[in-house]
Amino acid sequence: MANQKNTVPPIAKIKPTNLEFHHHTRTDNYFWMKEREDPEVIDYLNKENEFKERCLEPTKTLQNNLFKEMKNRIKEEDSSVPYFKKGFFYYQRFEKGKEYPIHCRKEGQLSAGESILLDVNKLARGKAYMNVNAMSVSPNTYLLAYAADAVGRRIYTIYFKNLTTGKLLEDQISEVTGNVVWANDNNTLFYSKQDSQTLRPNRIFKHILGKDQASDALVFEEKDETFTVSVKKSKSGNYLFISSNSTVSTEYRFLSADKPDEDWRVIQPRERDLEYEVDHHEDSFILLTNADGAKNFKLVKTPVEAPGKSNWEDLVPGREHVLLEEFEVFRHHLVISNRFNGLSRLEIRSWDGQKNHTISMQDPTYSVWIGNNPEYYTDVLRYGYNSLTTPSSIYDYHMDSREKTLMKRQEVVGGHDPGDYQSERIWAMAADGQEIPISLVYKKDRFTKTGENPLLLYGYGAYGFSTDPYFSSSRLSLLDRGIVFAMAHVRGGQELGRHWYEEGKMLHKINSFTDFITCGEHLIQQKYVHPQKLFAMGGSAGGLLVGAVINMRPDLFHGVIAAVPFVDVVTTMLDESIPLTTGEFDEWGNPKDKIYYDYILSYSPYDNVKPQAYPHLLVTSGFHDSQVQYWEPSKWVAKLRALRTNDNLLLLHTNMEAGHGGASGRFRALKELAMEYAFILWLSEAENQPGNSTENG
């Protein structure tokens, strides 16, 4: 590693703040970093960025090479597979050298002339950040509503465009979530709005075109701070739905899309531990629910006119070892995305229940998902597939004949042969007897199972989100250099069913951390990785995962990347003014209850930093992050620097112009990824190990 003797890290000022709860006092020396407008905070973050740049100066050439490699694999002039809806083929395309998509459509047939709905590149001119979501075309196809965020804090403004004239309407709806849905009169739009302080989506408004936002009617307000709200439309187009969701409970309201001024009706009143999702089919609502003890969920139908739970009739019963995750309604078919033994499957059923089959897959570990299927009256399912070796592929599948057509496979510019790479699914045994799946991939000619390879282990393990193995053209830059990539499917996700989630949350959260440690140890034991070349990576709740792990086993990993890490768990979960806090009491526990306070305190990465030798660490953050506030990683780095007993690299990168997702655009984000990859590759080379005489921060 380059000589760092003249590279002195910034030392954050210690300003003790005593935080008292349950007759227990925690002293936070860096609580002052919460003051977003304080010039001293900005100065500290800038100095950390400058220090990171100095320390990583020897990797600049590598970073540039990695960025060019990753960028050059992307087909710059590309387009999505068109989908058909109400007489038009819709698609998005990219132009060479441009960061953002151009949304288009063609009328009637693909040979027709192109009409540009929205060019996001034009919206992004002169802006460091741009995100557009919730593009929604009116039922008569003449108007477009879209939401834009130019900061990265997920606070949007909704705009309206006349697709005939190309002109913007005067209507604007500001400071909203970006969640919108049209009523069938083409004049009424429902949208969700967040609390101005916590950013919790808590209200649904009705906007009439031509009216000022100030006159928009409030149609629903969610008073329970553990719930968030959103609005959507049934695939049939006949009904609008307002959903109120918490971690463990759901409540839906519905309204005829033809009658936007009528009153909303509740499908089934909320009950704790009762969850359901809904869509419409003929004279029934179809629900995915965990009612009646169906821990892995089941499908039911209920009459539209009497939709309450007492009328729910089983369509697909719950199964002990099969998790039902998602469904898609067609006129003649029902498609279910389920998960068995850690892998997703697509099951096709006829409505009479007489015919059902599962689409076959070929890789040992893969991802498959229901694609964009806006048409109700069709027998063709669009689905997506990829694996750790196979690029993302879009198929059209005829549900009766079982014939499938490959519509598009992600092109890796310069060529990619899946046969050059090997993916595997292996299992590690936890101390309590649970087997933890690990998905991994490596380049065949760069791997020998002799315990010499470097390996990057990724984990998440929260919210029941399953970490599915997926293809990444950028990741080829690691694999081609001999890095093995692995994903630890730890408890907290739902890879092995609902119990896998429940055993990794609340008072069982520590299972996520010990599972990850077990996976790292297993990979060493099975000689997939050299003991001194094991790296870890996690982001957001995955940043909590790796943050807790390095407190517990700082010797296990040589280097760690923690992206926008949720590390100050006790303080955040006690502060109900922070976005997301109240909605996550059923994920982490409410520390106002001493049982949860003590348990969270036992693993919170920030609270458990102690004098010991820590691995090399690169921490990333977004100044405008509304999910993990920038001060969490900043405080964590400051405390680590003050207490650790070694001089390994400890770097903080704060993107001062972005939020939780990092930089926007196709290529800007690759620069941050190139920095992360360079950090791992640099450390994986034996001759680059830092000497004890250096001062790397």
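Q: What makes β37 and β38 a pair of strands in this predicted model?
A: Two strands count as paired if there are at least two bridges between them. Five bridges join β37 (residues 559-563) to β38, and the two run parallel, so the cut-off of at least two is met. To find one of these bridges, look for Gly559, whose partner in β38 is His616.

Q: How do you know that β38 pairs with β39 (residues 650-655)?
A: Here, too, count the bridges. There are six of them between β38 and β39, in the parallel sense, and pairing needs at least two. Leu617 is a good place to look, as Leu650 in β39 stands opposite.

Q: Why is β38 called largely enclosed?
A: A residue is buried when its relative accessible area is under 20%. Seven of the seven residues of β38 (residues 616-622) are buried, so the rest of the structure largely encloses this strand.

Q: What makes both faces of β38 count as covered?
A: In a regular strand, side chains alternate between the two faces of the sheet. One side of β38 carries His616, Leu618, Thr620 and Gly622, and the other carries Leu617, Val619 and Ser621; all of these are buried.

Q: How do you know that the length of helix α2 agrees with what a helix should span?
A: Helix α2 (residues 60-73) has 14 residues, and at 1.5 Å a residue it should span 20 Å. Its end C-alpha atoms are 20 Å apart, which agrees.
A: The helix also has a buried side, with Gln63, Leu66, Phe67, Met70 and Arg73 as its buried residues.

Q: Why can we say that the buried residues of α2 line one face of the helix?
A: Imagine looking down the axis of α2: the buried residues fall within an arc of 135 degrees, so they line one face. They pack against α4 (476-479) and α12 (668-684).

Q: Which exposed residues sit on the face of α2 turned away from its buried side?
A: They are Thr61 and Lys68. The word exposed is used for a relative accessible area over 50%.

Q: What is the order of the strands in the open sheet that contains β16 and β19?
A: Four strands form this open sheet, in the order β16-β17-β18-β19, with antiparallel pairing.

Q: Why are β16 and β19 placed at the edges?
A: β16 (228-233) and β19 (265-266) each have a single partner strand, so one side of each is left without a neighbour in the sheet. For β16, six bridges make the antiparallel link to β17 (residues 239-245). Along that link, Thr228 stands opposite Asn245 in β17.

Q: What makes β22 a partner of both β21 and β23?
A: β21 (residues 284-289) is joined to β22 (residues 298-303) by six bridges, running antiparallel. Three bridges join β22 to β23 (residues 313-316), also antiparallel. Both counts reach the at least two bridges that pairing needs. Phe285 stands opposite Thr302 in β22, while the bridge partner of Val300 in β23 is Asp314.

Q: How do you know that the radius of gyration of the protein agrees with that of a compact globule?
A: For 697 residues, a compact globule would have a radius of gyration near 26 Å; the protein has 26 Å, which agrees. Along its principal axes, the C-alpha trace spans about 75 × 55 × 55 Å.

Q: How many helices and strands does the protein have, and what share of its residues is buried?
A: There are 12 helices and 39 strands. Buried residues make up 58% of the 697 residues.

How values were computed. Residues numbered from 1 in each chain as written. Predicted model: local features only at pLDDT ≥ 70, side-chain atom pairs only at ≥ 80, totals over all residues. Heavy atoms only, no water. Expected span 1.5 Å × (residues − 1). Buried < 20%, exposed > 50% of the residue type's maximum accessible area, 1.4 Å probe, protein only. Arc of directions from axis to C-beta. Contact = heavy atoms within 4.5 Å. Rg over C-alpha atoms; globule rule 2.2 N^0.38 Å.
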